[in-house]
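Please read the following with the sequence and the three-dimensional view side by side. The account begins with single residues and then widens to the chain as a whole.

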Amino acid sequence: MALRNIRELGDDVLRKTAKEVRDVTPKVKELIGDMFETMYAADGVGLAAPQVGILKRIVVIDVGDGEPLTMINPEIIETDGEQTDYEGCLSVPGKSGIVTRPNYVKARAMDENMKIFIVEGEGLLARAICHEVDHLDGKMYVDFVEGSLVDNTRTEEN
Ligand code: NI
């Protein structure tokens, strides 16, 4: 495994739509391993493949609940409630801003064996899933932040 370079706001790759993954090749597995390593090294709770310059619909998340998640071709299928809190992004280092997200999210994705699974999350996990799926469509939290960005007050970055 290896650390990948995290692309930052202003890099065009972050604004493109990522492509569906049709086959989990050894190269894709290596990418997923690298994404986890890169996310942990940066103290993040989530990372999407476009953030390391790869336009594939792959997301990794670890909100510290003991269940690291790999989501391939993720889709949000249900949301409920609302939460308003600070959010950060590894592609916008040192900053955070207030974003309102659903408090509950149900998503469908494929694992590394292309097996479909369902994940349900509340709070930070729901926020992280929304944030990472947005990355796959070229969207970033700074587009819908309430108020202005502030210097980071917390370490949870996606
Ligand atoms: Ni992010």
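In this predicted model, Asp34 is found in helix 1, the element that covers residues 26–41. Although an acidic side chain may draw the eye, the question to put to Asp34 is whether it is buried or exposed. Asp34 has a relative accessible area of 2%, and it is therefore buried, since the cut-off for that class is under 20%. Setting aside residues up to four places away in sequence, Asp34 touches Met1, Ala2 and Arg4.

After helix 1, on the way to strand 1 (46–48), the chain passes through a loop, and Asp43 has its place there. The backbone of Asp43 deserves a look, for this residue has a positive phi of about 60 degrees although it is not a glycine. Most residues other than glycine have a negative phi. In contrast to the buried Asp34, Asp43 counts as exposed, because its relative accessibility is 55% and the class begins over 50%.

Met114 also has a positive phi without being a glycine, with a value of about 65 degrees. Its place is again in a loop, here the one between strand 6 (104–110) and strand 7 (116–122). Met114 has a relative accessibility of 28%, so it counts as partly exposed.

From these loops one can turn to strand 2, which runs through residues 58–61 and in which Ile61 is found. Which residues does Ile61 touch, not counting those up to four places away in sequence? The contacts of Ile61 include Phe36, Met39, Val45 and Gly46, then Glu67, Pro68, Leu69 and Met71, and further along the chain Leu125, Ala128, Ile129 and Glu132. With Glu132 the separation along the chain is 71 residues, yet the C-alpha atoms of Ile61 and Glu132 are separated by 8.3 Å. Ile61 itself has a relative accessibility of 0%, and so it counts as buried.

The cysteines can be taken next. The structure holds zero disulfides, and Cys130 is accordingly in none, the nearest cysteine sulfur being that of Cys89, 14 Å away. A disulfide would require the two sulfur atoms to be within 2.5 Å, which is why this pair does not count as one. Cys89 is buried, because its relative accessible area is 0%, and Cys130, at 6% relative accessibility, counts as buried as well.

Stepping back to the whole chain, one finds two helices and eight strands. Read from the N terminus on, these elements follow the order α-β-β-β-β-β-β-β-α-β. How are the contacts distributed along the sequence? Among contacts between residues at least 6 apart in sequence, 69% join residues at least 24 apart.

The overall dimensions can be read in a similar way. The C-alpha trace spans about 40 × 30 × 30 Å along its principal axes. For 158 residues, a compact globule would have a radius of gyration near 15 Å, and because the protein has 14 Å, its value agrees with that expectation. Of the 158 residues, 47% count as buried.

What remains is the surface and the charge. The protein exposes about 7,700 Å², of which carbon and sulfur atoms supply 46%. Its charged side chains comprise 18 positive and 30 negative ones, and the centres of the two sets lie 7 Å apart.

How values were computed: Residues numbered from 1 in each chain as written. Predicted model: local features only at pLDDT ≥ 70, side-chain atom pairs only at ≥ 80, totals over all residues. Heavy atoms only, no water. Buried < 20%, exposed > 50% of the residue type's maximum accessible area, 1.4 Å probe, protein only. Helix = DSSP H or I, 4+ residues; strand = E, 2+ residues; numbered from the N terminus. Rg over C-alpha atoms; globule rule 2.2 N^0.38 Å. Contact = heavy atoms within 4.5 Å. Areas by Shrake-Rupley, 256 points an atom, 1.4 Å probe, with all protein chains shown as cover. Lys, Arg positive; Asp, Glu negative; His and termini not counted. Charge placed at Lys NZ, Arg CZ, Asp CG, Glu CD.
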